[in-house]
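Student: I've got a new structure open and I'd like to learn how to read it. Could you take me through a few features?

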Amino acid sequence: MIHLKSVLTRQLRAGSVKPLKNYGYSRFSTYNFLRSQAEPKYEGAELLKKFTDEHAHKLVDVSKVLVIGSGGLSIGQAGEFDYSGSQAIKALKEANKKSILINPNIATNQTSHSLADEIYYLPVTAEYITYIIERERPDGILLTFGGQTGLNVGVKLDKMGVFERYGVKVLGTPIKTLETSEDRDLFAQALKEINIPIAESIAVETVDDALDAAKSVGYPIIVRSAYSLGGLGSGFAANETELRNLAAQSLSLAPQILVEKSLKGWKEVEYEVVRDRVGNCITVCNMENFDPLGIHTGDSIVVAPSQTLSDEEYHMLRSAAIKIIRHLGVVGECNVQYALQPDGLDYRVIEVNARLSRSSALASKATGYPLAYTAAKIALGHTLPELPNPVTKTTSANFEPSLDYMVTKIPRWDLAKFQHVKRDIGSAMKSVGEVMAIGRNFEESFQKAIRQIDPSYIGFQGDHFEDLDFVLANPTDRRWLAVGQALLHENYSVDKVHDLTKIDKWFLYKLMNIVNMYRELEAAGSLSQINSDLMSRAKKLGFSDKQIGLCVGSKELDVRAVRKAFGIIPYVKKIDTLAAEFPANTNYLYTTYNATSSDVEFNENGTLVLGSGVYRIGSSVEFDWCAVSTARALRDSGRKTIMINYNPETVSTDFDEVDRLYFEELSLERVLDIYELEHSEGVVVSVGGQLPQNIALSLQKEGCNVLGTNPEDIDKAEDRHKFSQILDSIGVDQPQWKELTSLAEAEIFANEVGYPVLVRPSYVLSGAAMSVINNQAELDSKLSNAAKVSQDHPVVISKFIEGAQEIDIDGVASEGQVLVHAVSEHVENAGVHSGDATLVLPPQDLSPVIMDRLKVIADKVAEAWKITGPFNMQIIKNDQNGTLDDANCELKVIECNIRASRSFPFVSKVLGVNFIDVAVKALIKEGVPTPVNLMNKKYDRVATKVPQFSFTRLAGADPFLGVEMASTGEVACFGKDKVEAYWTSMQSTMNFNVPQAGQGILFGGDLTNDKLGKVAETLSGLGYNFFSCSEEVAKYLKNFVEEQVTVIEFPKTDKRALREIFQKHKIGGVFNLARARAEDLLDEDYVMRRNAIDFAIPLFNEPNTSLLFAQCLKSNIANKQPFDVIPENVVIPSEVRRWSEFIGGKPV
C-alpha cells in the first residue's frame, strides 16, 4: 500500500500519470484529492454506498443509547475514560442518537449537558443501571468506554438477563468476546485455536492449588487476578513463601487467580488495533516499553512508535494482533500486549483488552487518530472505509497512521505522600498520572517528558541513592533517576547499566548522547563560550534554557536572550497522521528544534489557555473541566483559542476542543515561545491549578498580557507574609502563625500557642509535606527529618484548632466585586485535607448569620486582592466547643487561592451556574453579569462530594486521613437530603459493598470520647453482629449497645490467618476511629485499617462520616434489595433521578 501510494504521488508530481478521471473514477482520485484542498471532504463514503452486500451502509437500529462511565478517578482507571467517553458521546450526537450517561464523577467533562443529553450521578453498579434502564428504556448500551468498571458491570448485567429482559442491544464488541478476553482459561483456549503463543498460566481458586501450579510451571512466578484493572492483586514470587503470601492477598480481591511463568527481562510491546463489523482491521499504533517486561505498562516509560524492533519483529507482531482481533470478534478498538524475546523471534501474548484503555488514549494522542470516536462509530455499524479520518477530513479512517516524530510517555507517582508505602514498581500499577512529550528524536522527546512530570526536574538527571546497583536491578518509581545517576555521575558503562536493568542498549546509547552534551556544555565553562552550533545541537537534544544555564552558571532568561540572538527558536510542526506525505489541515501541534520550517501561519492572535499538566494527587480532572470550559467560553465569545497541555488522558488535548492545540511543556520557556510565535492577545493562568500560577508573574514580567487578577496580587496571596498582612489590614481573622528558620524558634512558638500545631513548607499544592504535630517529641523528629529548616528553607508553623468545622468558598469576582459564590461545608472536622473531605452543598448546618458573615469575608478578600476571575478560600469555624453563638464564633481564613479550585465543577453543576463561564466574562471584560447571591436561594436538593481513594493499590500505605491529601479522585451524588445524597455517593466509590444484615461489623479506635459509641448505637438493632479485637473496646461498646460484642483473635502479622478470621465472622464493615496515625506496622488500629482495604471491606475511619454512614444504613438498609438476580418487580428508589430533574433544566 505504502509503496503504491508513494510511487503514484511521485508520478503525479512528475506529471507522468494521466488523471484517473479518464477511467470514470474521477470522484475518488489522489489527483483530485490533492487539488481539492480548499474544501476538505472524504469522498470514499459516497462510493461505498453503492455496495449491496455486508459492506453496504447498514447501521444498528437504536435511538437512545446508555453510556457507562467509569466513576471516580483511581489508580489504574483515571482521566483517560473521561476523554474516551466524551468522544463516544460526540459520535452519538453526530448520529442524532439520544445519549444517557451514568457517571458519578462530577469533575469530568462528559458529565456536562453540552455533551450527554441526560446524566445520572449514580453508582456504576448492576443495581442502579437496572433502575435507569427500567426508567429510561434505552435500546442500546456502550460498555467499553467506562474502563474495567463498565466492562465488569456489563458482563454482570448480561448474566443477570437484564439486557434480554429490556431488549437492550450491546453495541460494539459482543459480551461473549469481552468474557473471553477477561477469563484467562477461555482466552488461552481461544488463542491456542489460532496457534498464538501465550504465557502459560494455570487458573486456581485456593492457595494450595497455587503452590501446586507453581511446581508444574516453575519459579519465578507471576500471579494475576482475573477481572481486575491495572494489574490489581498481581505480583511476582521467586519461591514458595512469597507465593503463599501473595496468593492469599490476591484471592481476597478476586475469586480466581492465575499462576504464570514469569518472563521478566523480555521486551514489552503493545499494539492498538481497530476492527469493524465486516472484519476490516488496522493497527493504529505500536508502542514499546523502555522498561523490560515485569513492570505494568501503566508504570512503564513507553515510546511510540517502537524504536528497537526489526521490520521482521514489527510485522510478525502486527500480523498476530490482527489474527487475534479477528478471531475474538472484537468490534471497535482493542489493545494487545506482547512479551518479545530480546534476542530472538519468540514472543508471548500477555493480555488483550477488548475495550478502550489508558494505552488507547495515549495512542490517540500519539498518532492523532481518534480511536474512541472511531470505535463508537463502528459500534453504531459503520465500516472503516466509509468513515472519514476526522483529523484530516480528507482521508479514510481505514488507514494506518505514519509518524514523522516520536513520543515518550512517563508516569507520575505520588508515593512519597503515603506512610509505610512500598515504593517498588512491578506488575500492579501505582502511578496516578502520565505525561506525553513529542519530539523528532528520542533525546528531545525524553527530556521534555521528564520536565513535564514535575517542574523541579531539569531534564535527564541523577539523584542520591544509598545502594545504586540495588535500585537499578529492582525498579522503583525513581528508576530513571538511578539510570541518570549511573551514566552521568558514576561513570557506569552502557553494558553495566544494561546488565543491571535489562533496558535495551539502544535507549541507553541515546541517553549517553545527552550525557556527552552535558559534558560538552560544562566544558564550555560560561555562556559567552557557547557558540551558535553548540546551542543548536543542545536544543536539538531537548535541553532547556534553564538546563543549559545550569551547565555554565547562567540564568535561564540570559540563555534565552543569547539563543534568540543566534536566531535559534523552535519550529512548530503539525501532527497530521500522514507524516506530511499529503497536505492535511490539522490544528494539532508541537514544537521542535529538529526542523527547518514551521507548518502553520501565525496570524490568528489566539488567546492562550494553560492546562493543568499531569494528573497527580491534588490536581486532577477537575482542572481539565475548568480548562475545557474556559476554551469553550472563549470560542463562544468569538475569540480564537490556543490550548497548551501535555496530558494524554485529557479532553483539553482533544483536537476539536480548541482552534490550536499545542501538546507542549507548561514551562516559562515554552509558554513564552508559543506566546511570541502566535502573537497572542492574552493568556489565562487561573484555570489549570497550581502549575500555571507558578509562572504567572514571570510571564507578566516578560511582557505577556495575563488575563484576570494581576500576578503581583496573586503573589500576595501565595506569599504567607503578604497574605497575612493584608488579612490583618482588612480585619479578617486567621490562625496564629509564624515563619521560622530554626528548630529552637519552632519549639518556643509551639509552647506559646499550645499544641497541636500545623507545620508546612512555603508554596504548596494539596498540602505536600504538611503535618499536624501533637507534642514536642513529634516536632523535633519532624523538623530534623525535614532538616532543611534554614534561612533558605523556612517552615511555617500555625496553631491547629481541634474540633473546628471547615468551610470552602468558591467564587468569581470582577475588579474586586464578587459576582457569584458558593459555600460548601465539610462533614469532617478541620484537619482532614479539603481534597479528602466530604463536601455538602447547599450547606445543611450553617445558619443565615454564618452565611452572611462568610459573604462579608469573601467580599473583603475579593476587594483587597482586586480579584478578577476565579478564587477559592478555606475557612475554619470555631465555636470553642459550643460556647460561642453564630454571631460571635471565630471564622478564620486558612487559605486563599486566586485561581479555580478542585471544587469548581462540583459547585457549578450543583447550583446550575457555570462558574467558569462567569469567570471568562470577567477575564475578557465582556457581558459581565450583575452580582447575584446564589446562597440566598432556596434549593430542594442536596449534593455530597465524596473522595475516591486508591489505597488498595498502594501496598502497606496507612489509610488514615490527615492534612496531606491522599485521594486520587471524587464522586458526587444528589438527593432530597444529606443522608440520601451520602448514601448513593458512598456506593459510587469503587468496589464499595454495603454491609448487609447478618454480616459482622468490626470496631476499634479511640475510646476517650463517645464518638465510636454513637456509631455503634446508631447501628444497633439493624441485624449486624458486633466484633472487636480487644476486651477494652468490647467493654466500652457495652455502654452503648444491647447486642453482644464478640472479641475475635487478631494475629497482626499473619495475613492469611486474619483473612480466614474475617471470613469466618463475615466482617462486612470496619469502623476504626483512631486518634492518630500509626507509629509502626504492628499498631492494632493500623493492621485493622490496612486489612479492611486489602480484603475489600468498607472502612470508615473518621468520626463524622462514620456517624453519617451509620445514619444512612439505619434509613436505607431495610429496603436495600440484594441484586444478584433481577427482582420480579423493579422498584425505583427516590434518588434515581436525572441531573436535569434535580437542578430543573440544563444550564451547565
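Tutor: Let's go through two sheets, a helix pair and a loop residue, one at a time. Keep in mind that this is a predicted model.

Student: Okay. In what order do the strands of the five-stranded open sheet come?

Tutor: Read across the sheet rather than along the chain. The order is β3-β2-β1-β4-β5, and the pairing is parallel. β3 (118-120) and β5 (169-170) each have a single partner strand, so one side of each is left without a neighbour in the sheet.

Student: Let's zoom in on β1, then. Which strands does β1 pair with, and over how many bridges?

Tutor: With strand β2 (residues 98-102), β1 pairs in the parallel sense over five bridges. With strand β4 (residues 140-142), the pairing is again in the parallel sense, over three bridges. You can follow this at a single residue: Val 65 has Ser 99 as its bridge partner in β2, and Gly 140 as its bridge partner in β4. Further along, Val 67 is matched with Leu 142 in β4.

Student: What about the side chains of β1: which ones point which way?

Tutor: Here's the general idea: in a regular strand the side chains alternate between the two faces of the sheet. In β1, Lys 64, Leu 66 and Ile 68 point one way, while Val 65 and Val 67 point the other way.

Student: And is β1 (residues 64-68) mostly covered or mostly open?

Tutor: Mostly covered: five of its five residues are buried. That goes for Lys 64 too, a residue that points the way Leu 66 and Ile 68 do.

Student: How does the chain get from β1 to β2, and what handedness does the unit have?

Tutor: Look for the helix in the unit. Helix α4 (residues 80-94) joins β1 and β2 in a β-α-β unit, and the unit is right-handed.

Student: Now the six-stranded sheet. What is its strand order, and which strands are at the edges?

Tutor: This one is an open sheet too, running β17-β18-β21-β20-β19-β22, and its pairing is mixed. The edge strands, β17 (571-574) and β22 (682-684), each pair on one side only. From one strand to the next, the twist averages 30°.

Student: In which sense do β17 and β18 pair?

Tutor: In the antiparallel sense: β17 and strand β18 (residues 588-592) share four bridges. For a landmark, find Lys 574, which stands opposite Leu 589 in β18.

Student: Which helix lies across these strands?

Tutor: That's helix α24 (residues 668-678), lying across β17, β18, β19 (607-610), β20 (641-645), β21 (660-663) and β22. Its direction is at about 160° to β19.

Student: Next, helix α34 and helix α38: at what angle do they pack?

Tutor: Check the angle and the spacing together. Helix α34 (residues 1011-1019) and helix α38 (residues 1103-1116) pack at an angle of about 10°, with their axes 8 Å apart. Angles under 35 degrees count as roughly parallel, and therefore α34 and α38 are roughly parallel to each other.

Student: Which residues meet there?

Tutor: Among them are Val 1015 and Leu 1019 in α34, and Leu 1107 and Ala 1110 in α38. By class, the contact has six nonpolar, three polar and three charged residues.

Student: Last one: is Ala 416 buried or exposed?

Tutor: Exposed, because its relative accessibility is 65%. Ala 416 sits in the loop between β15 (406-412) and β16 (433-439).

Conventions. Residues numbered from 1 in each chain as written. Predicted model: local features only at pLDDT ≥ 70, side-chain atom pairs only at ≥ 80, totals over all residues. Heavy atoms only, no water. Buried < 20%, exposed > 50% of the residue type's maximum accessible area, 1.4 Å probe, protein only. Helix = DSSP H or I, 4+ residues; strand = E, 2+ residues; numbered from the N terminus. Pairing = 2+ DSSP bridges. Right-handed = clockwise from strand over helix to strand, strands pointing away. Axes fitted to C-alpha atoms, helices over the stretch in contact; angles between N-to-C directions. Parallel < 35°, antiparallel > 145°, perpendicular 65-115°, else oblique. Contact = heavy atoms within 4.5 Å. Nonpolar A, V, L, I, M, F, W, Y, C, P; charged D, E, K, R; others polar.
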